[in-house]
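I opened my notebook with a few lookups in mind: some cysteines, a glutamine and an annotated site. Here is what I was looking at.

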Amino acid sequence: MVEIVFDHYDAGDERRREALLTLGNGVVAWRASAPEAAFIGAETKHYAGLYRAGWYDNAQRMVNGRMVRIDSLVNLPDPSGLIFSADGEQWVEGSVTSYRQYLDLETSVLRRDLQLRLGDNRLELKEERFVSLADPTLTILRWEIQSDDALDQFVVHSLLDGDTTNRLIERDQAYEGKRLEIENVVHNEDGFAALLARLPESGEQVAVACQLIAHPSMHWSTAVSQKRLTQQACSSAGHSCWVIEKRVRVLLNREIPQPFASITQLLPKITYAVLRGEHEQRWKAIWAHIGLKLNDASLSMPLRLGMWHVLQNSPIAQDNADQGFPSRGWQEGYFAQIFWDEMFAFPFLASQFSKVSERLLDYRYRRLGAAKRSANEAGFEGAMFPWRSARDGTEQTPPFRLNPLSGRWMKDPTCLQRHIGSAVVYDVWQHFQITGNLDWFARVGAELMIEVARFWASRVAEDLVTGRYMIRGVIGPDEYHNSYPGNPQPGLDNNAYTNMMAAWVLFQTHCMLEYLPRDQRTTLMQRLQVDRAEPEAWSRIAQRIYLPFLPDGVLNQFDGYEQLLASVPNWEKGSDPRLDWLLEARDDSTDRYGLTKQADVLTLFYLFPAPELKRLCEAMGYPFDESEMQRTVEFHLARITHESSLSKVICAGALAQLQPETSWKFFRDCLRTDLDAPSDSGTLEGVHLAAMGGAIDVLQRHYLGIFPMPDTLHLRPSIPAALDGVTLGFRFRGQHMQVSLQSRRLTLKLAEEASPVDIFCAGRRLTLAPGKSLSLNCSNAMITNDKEDP
């Protein structure tokens, strides 16, 4: 059993813990707020968020004197409120003498054990809650209360609160606020209560229904006041043990029965043990499928936590889910909008749960029409995907961000991060290389690639002096550089990451047509009106895209980056507050300094192994040898502030081959991004899914060397000296495999029931038969298989 444990209560840290321990199943997300907090005026310490994945509101708001609409995930009516008393006067708050909260990652059940005093009575409270993976719209909270002595009186209050707002993030309040109107209320004496609410502008509906179950049974009365349903019960039978269950159903639109009163029939009647057992079995099957084993507990726990969060924020429970991969999970951070974060989790998802990665790509495909309209409106061809997406695939980047230090609004031009389309193509290619699913690729993936390639082919501009193609007026992943100093117009020229990824997209889309069978290729090209000349044009453009190399062979971040100021007066790296906020409050800007939130260029080293990066640069007409790569890495490492949660995981992957021990240090740090975050950090708004997914990817691809390629599976390990005792299962082209590391010997095994798989390792191409294995001595690159002696 792997657990996340908090052995004491810390009011100042509760909101971070609530986010870290949020339960979900890809349909419902439920922050881990204490149920009693709903009654004791602890709003500043706790935040009881409940969300349906992908259910946004874009009601109009006045922000900085401008009417704006952006999609924001809706905080639903809160069903979690629960409290008890032994006399009807002294309640549970303030009386706790022992506290333990712990999450069982294997079963995705969150527990709290409390010992407390109410007057002369000593009691123990055991709490369990889960969001069902077996029944995706069901959540359950269960309290078991044990008293040392029989109580003359036992009083319970339960709350279903319809007066909720989106108020988790103070600096976003101009965009947030009240989103729901209550339309109907249903309750009865059997402990049932339900609210029906709607979004005023769209008319979409949500229903939250609760069924209370008590042992011994209790008679419930309900008071309705200002959109809050309070259910009350009192027992005077002299018992010493009570069990209170809250079964909650969260439904949207067509899921809501008509008439609404019939919703009372939709809560399950079977026992709690059966409901929890069905849920636990689903999670246990997931972990068995992954097959992760690590001897080092300091690695095992954070990696499993990362896998758990990545999975429960992905569409794992419903086949027809239409949702993306939110950067901070299904919570209010970044309004739960969709950026590029799935790119860092995709190698893990596609090699473990290919149907899940396919659903995430289907989310992009369903919004391809919106991306094509955006490109057309901007004067380009193909598809221009938005930097921030949500419901309909249009750009959702807020026009302003509030600086909490100065109280001033800062313009947000990061919608110019056009590299998002390249990330979509990278995800498509990863999925195809891992799964080999030609039917899906011909139907969905290839079209996504072609339309993004068309965008880049139209977005470049030829420079007549150099004869190269330039990409001007864009922003890279490093959001600390949005414009040139003194220039009010946002955008930079020839961002290295953007330009190289554009070239890669054009090269790869040209090549990918050859992987399709002739009939599928012909059908695709006819459907999309691709003539024979167009792919050749993509390749010619890619060969001539400009890269901002400096005279010493260092790949610069963008044109002119090396001319920026080297240091910020009266500031130390790693200090608070955030550099962009600090400088704006000083009437200054990060645009003036050569310091990065995260290094764009190192992201290229993260995505591509050094040999592949070298080949890509050479195909573009730029030599890029190992010494130049090392100088490039040192140049950018010296300038990173690591104020992005992605920064250290990118460094870990980027340096795995070039500087293994430095990579390992970054890896150990990135594993603790949310676990060791300060109480007032961004983690309280939602965990950092890209950092979590990226850490898994560093282990799987960069360290253990699992690199799927179009021809076959390549094994390219780069094992840090401190890494040992690892086993991980995965699938390649539908075949189940297992990779393990023990005493610097890497072993790859193919399942008994599988078909043969070709492996390329240490310069040799081998065929791995079902039930057989091959081993690589990572110290001398010697290979042995089941028929050879080591």
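In which helix is the place of Gln430? I found Gln430 in helix H7, which runs over residues 420-435. A note to self before going on: this is a predicted model.

Next I asked whether Gln430 is buried or exposed. Its relative accessible area is 7%, so I wrote Gln430 down as buried. Setting aside residues up to four places away in sequence, I saw that Gln430 touches Pro347 and Arg701.

Then I turned to the annotated site. The UniProt record, an unreviewed entry, puts its "active site" annotation on Glu479; that annotation may be inferred rather than shown by experiment. I located Glu479 in the loop between strand S25 (469-470) and helix H9 (496-512). Glu479 counts as partly exposed, because its relative accessibility is 24%. Beyond its neighbours within four places in sequence, I listed Trp387, Thr414, Gln417 and Lys597 as contacts of Glu479.

Last came the cysteines. How many disulfides does the structure hold? My tally was 0.

Why does Cys670 form no such bond? The closest cysteine sulfur to that of Cys670 belongs to Cys651 and sits 9.8 Å away, which is too far for a bond; my cut-off was 2.5 Å between the sulfur atoms. Cys670 is buried, at 4% relative accessible area.

I checked Cys761 too. Its sulfur is 8.4 Å from the closest cysteine sulfur, that of Cys778, so the gap is again too far for a bond. With a relative accessible area of 0%, Cys761 is buried.

Key
Residues are numbered from 1 along each chain as its sequence is written. This is a predicted model: local features need pLDDT of at least 70, side-chain atom pairs count only at pLDDT 80 or more; totals for chains, interfaces and linings use all residues. Side-chain values use heavy atoms; hydrogens and water are left out. Buried means under 20% relative accessible area, exposed over 50%, partly exposed in between (1.4 Å probe, protein chains only). Helices (H or I, at least four residues) and strands (E, at least two) are DSSP runs, numbered from the N terminus. Contact means heavy atoms within 4.5 Å.
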